[in-house]
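Visitor: Please choose one part of this model and look at it closely. Then work outward from there.

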Amino acid sequence: MARILYFGKLSSIFGEMSETADLPASISDTAALRTWIDQTRGFDGVLLHPSVRIAVNNEIVPDPSPVSDTDEIAFMPPVGGG
Amino acid sequence: MIRVIDQPFRISDAIAEFEAQAAGAGAIVTFSGLVRPRAKGEEVSTLHLQAYSPMTENGIRDAVNRAKEQWPLTAVQVTHRIGNMSPGEAIVFVAAASVHRRAAFEAADFLMDYLKTEAVFWKKEVTPSGVHWIEPRTEDYHDRERWNEAKGS
């Protein structure tokens, strides 16, 4: 089971900050995962925007980077505190 | 030192603690950011911040290290709130100490620009019209760019 995290506005759209998911065998990289999650979780294209970055096990990675069923994968919209 | 905390903190305590940590410095600059009571003409009832540990803390640590490479600092403190906050509460405290004032001013300014545009936080305002996620303003990105220009010249 992969652990998927949704931050910022993505947590409001999904309704939760995280979920655990069985990745289908066809999903082996971040680009495929982005499309699959977007379509199956009702994000309606929001996850496909290039401003949404993906971190695998706490490291931001470019698309496409490998993902597996044991990873923690975070979807991160633009950041900023202060 | 870096702290990401979900409990309120008092700015006066943060300053006193930093003064002790920075003993011997000739100059201390501190910046305190407070939750604004209004945003775009609306009253803000709650500000909520999310972080992603340890990415958030690691990123701030890298920024502090870059500041220490660029300016002769004798002490640095970054304290950032997460969770739910009310207007008037402290959200961020940045302090820099050096032998002379210029390095301390510039390092504190640099760290605030990092926190506004690059630090791993997500910020949500609750107002009468609903919930709004806040992304950095164009001015915030311009402020950050000043440091890249300074380095490149």
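Guide: Start with a pair: A:R3 stands opposite A:E72 in β5(A). The names need a word. Helices (H or I, at least four residues) and strands (E, at least two) are DSSP runs, numbered from the N terminus. Chains are lettered from A and ligands numbered from 1 in the order in which they are written, while residues are numbered from 1 along each chain as its sequence is written. This is a predicted model, in which local features need pLDDT of at least 70 and side-chain atom pairs count only at pLDDT 80 or more, while totals for chains, interfaces and linings use all residues.

Stay with β5(A). Four bridges join β1(A) to β5(A), and the two strands run parallel. Two strands pair if DSSP finds at least two bridges between them. β5(A) also pairs with β3(A), over four bridges in the antiparallel sense. There, A:R53 stands opposite A:M76, and A:V56 has A:I73 as its bridge partner.

Is β5(A) enclosed or open? Four of its five residues are buried, so β5(A) is largely enclosed by the rest of the structure. A residue is buried if 20 or more other C-beta atoms lie within 10 Å of its own, exposed if 12 or fewer, and partly exposed in between; the C-beta atoms are placed from the backbone.

Now step to the next strand pair. β3(A) and β4(A) are antiparallel, with three bridges. A:V56 appears again here: A:E59 is its bridge partner in β4(A). Two residues lie between the strands of this hairpin. A:N57 is in the loop between β3 and β4 of chain A, and so is A:N58. A:N57 is not a glycine, yet its phi is positive, about 50°. A:N58 is not a glycine either, and its phi is positive too, about 75°. A:N57 is partly exposed, with 13 C-beta neighbours inside 10 Å. A:N58 has 12 other C-beta atoms within 10 Å and is exposed.

Go on along chain A. The loop between β4 and β5 of chain A holds A:P64. The peptide bond joining A:D63 and A:P64 is cis, with omega about -10°.

Next comes a helix. α2(A) spans residues 30–40, and its buried residues include A:T30, A:L33, A:R34 and A:I37. These four cover an arc of only 105° around the axis, so they sit on the same side of α2(A). The arc is that of the directions from the helix axis to the C-beta atoms. A general rule helps here. An α-helix has 3.6 residues a turn, so residues three or four places apart point the same way.

What covers the buried residues of α2(A)? The cover includes β1 (2–6), β3 (53–56), β4 (59–61) and β5 (72–76) of chain A. So here β5(A) returns, as part of the cover. Just after α2(A), A:G42 takes a positive phi of about 70°.

One residue of chain A leads into a wider group. A:F75 is among the residues with the most contacts inside the largest nonpolar core, along with B:V76, B:A95, B:A107 and B:L111. This core has 56 residues. Its largest share, nine residues, comes from helix α3 (residues 101–117) of chain B. A nonpolar core is a set of buried Ala, Val, Leu, Ile, Met, Phe, Trp, Tyr and Cys residues joined through C-beta atoms within 7 Å. In soluble globular proteins, nonpolar side chains tend to be buried together.

Finally, look at where the chains meet. Chain A gives 13 residues to the contact, and chain B gives 23 residues. The side of chain A that touches chain B has six nonpolar residues, six polar and one charged. Ala, Val, Leu, Ile, Met, Phe, Trp, Tyr, Cys and Pro count as nonpolar, Asp, Glu, Lys and Arg as charged, and the others, Gly among them, as polar. Two residues are in contact if their C-beta atoms, placed from the backbone, lie within 7 Å. Take B:L111 as a case. Apart from its neighbours within four places in sequence, B:L111 is in contact with B:A63, B:V64, B:A67, B:V78 and B:V94.
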